[in-house]
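Colleague: I would like to know how the labels on this model are earned. Can we go through them one by one?

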Amino acid sequence: MKKKEIASYIAYAIGEIILVVIGILIAVSLNNWNERRKEKAKLLNIYSIVQDDLENDIKEIDKMFSYYDLAEPLFNKILKDSIKAVDYAFNPQYIAIMIGFPEITFNKRGYNQLEAFNTDKFQDSLPTQIIEFYTERLREIKIDDDMRSEDIKENYSHFKKNYEWWSSVINFRPTKEFIDYALNDPDYKNRIATTHFMAYKIFLPELKIFKTRAEKIMKEIEKRIAEKED
């Protein structure tokens with residue numbers, strides 16, 4: 001075989017190899033791009049779930065605010081010593097604030113999915129913000145909610161063990177003995193003051209922080225979704 005033919009064959013072989021390599025690189029790039037596109041779609045879907053979760057959480061928080069807005073005048077009337085025997089006799093809400101409270105549960109479906117999702121490949125700080133938000137806020141709220149719950153439980157235990165009128169009052173049938181206790185025994189006012197403090201000075205402020213930060217996160221999610229649509 002002549003040298004020119006050999007050189008031509010080698011050049012052709014090298015060209016074929018280069019074409020194969022280029023084809024492989026293009027295929028790998030396309031596959032990576034496609035996988036990244038799929039992962040991005042998954043992330044946006046998780047964002048949407050987080051957004052739905054936060055919307056529902058805010059609705060529940062607003063219900064909590066509404067409950068305590070209605071209860072606050074009752075607490076204030078007791079704490080300012082402006083309540084009368086007739087109030088206890090004919091308004092069961094004065095008993096309700098002593099023995100009950102609304103519960104709240106937060107939606108964590110999106111948060112849990114985001115924690116399990118590998119976001120390292122995306123140059124986006126939002127996943128970290130969301131995870132840190134949930135981790136911090138839910139921890140703080142749980143601590144305060146547990147204190148609120150323990151306060152009510154302690155009242156239950158105290159009344160059950162020490163007062164014969166408890167079986168009537170727990171069924172919203174205030175007795176003369178209970179009304180006398182509520183009007184004249186400092187123990188009752190101290191307990192109402194503690195319940196008020198746990199709710200209005202500790203628990204509700206944490207819910208307000210959650211709501212404010214949740215609304216900011218929802219705006220950031222809306223931006224990400226809008227960018228995808230553009």
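Colleague: What makes Ile14, Ile18, Ile22 and Ile26 a nonpolar surface patch?

Modeller: This is a predicted model, so every value is computed from it. Patch residues need over 30% relative accessible area, and nonpolar side chains such as Ile are joined within 5 Å. These four residues make a patch of about 350 Å². Take Ile22, in helix α1 (residues 3-79). Ile22 has 40% relative accessibility, so it clears the cut-off of 30%.

Colleague: Why is Ile22 called partly exposed?

Modeller: Buried is under 20%, exposed is over 50%, and partly exposed is in between. Ile22 stands at 40%, so it counts as partly exposed.

Colleague: How do you know whether Ile179 is buried or exposed?

Modeller: Ile179 sits in helix α7 (residues 176-184). Its relative accessible area is 11%. The cut-off for buried is under 20%, so Ile179 is buried.

Colleague: Now the rings. Why is the pair of Tyr111 and Tyr134 called stacked?

Modeller: The structure holds 21 aromatic pairs. In this one, the centres are 4.8 Å apart, with 20° between the planes. Rings pair within 6.5 Å, and planes under 30 degrees apart count as stacked. Both values pass, so the Tyr111 and Tyr134 pair is stacked.

Colleague: What makes this pair a link between distant parts of the chain?

Modeller: Tyr111 lies in helix α4 (residues 109-116), and Tyr134 lies in helix α5 (residues 126-162). They are 23 residues apart. Tyr111 is buried at 10% relative accessible area. Tyr134 is buried too, at 1%.

Colleague: How do you know that Tyr163 and Trp165 are stacked?

Modeller: Their centres are 4.7 Å apart and the planes differ by 25°. The angle is under 30 degrees, so the pair counts as stacked. Trp165 counts as buried, at 7% relative accessibility. Tyr163 and Trp165 also belong to a cluster linked by ring pairs, including Tyr156, Phe159 and Tyr188.

Colleague: What makes you say that Arg148 lies over the face of Phe203?

Modeller: Arg148 is at 4.0 Å from the ring centre. The limit is 6 Å, and CZ of Arg must also be within 35 degrees of the ring normal. Arg191 lies over the face of Phe159 in this sense as well, at 5.8 Å.

Colleague: Last one. Why do the buried residues of α4 line one face?

Modeller: Those residues are Gly110, Tyr111 and Leu114. Seen down the axis of α4, they fall within an arc of 100°, so they line one face of the helix. An α-helix has 3.6 residues a turn, so residues three or four places apart point the same way.

Conventions: Residues are numbered from 1 along each chain as its sequence is written. This is a predicted model: local features need pLDDT of at least 70, side-chain atom pairs count only at pLDDT 80 or more; totals for chains, interfaces and linings use all residues. Side-chain values use heavy atoms; hydrogens and water are left out. Rings of Phe, Tyr and Trp (its six-membered ring) pair if their centres lie within 6.5 Å; planes under 30 degrees apart count as stacked, over 60 as edge-to-face and the rest as tilted. Helices (H or I, at least four residues) and strands (E, at least two) are DSSP runs, numbered from the N terminus. Buried means under 20% relative accessible area, exposed over 50%, partly exposed in between (1.4 Å probe, protein chains only). The arc is that of the directions from the helix axis to the C-beta atoms. Patches are made of residues with over 30% relative accessible area and no salt bridge: like charges are joined within 9 Å, nonpolar side chains (Val, Leu, Ile, Met, Phe, Trp, Tyr) within 5 Å. Accessible areas come from the Shrake-Rupley method with a 1.4 Å probe; for residues, only the protein chains shown count as cover. A salt bridge is a side-chain nitrogen of Lys or Arg within 4 Å of a carboxyl oxygen of Asp or Glu.
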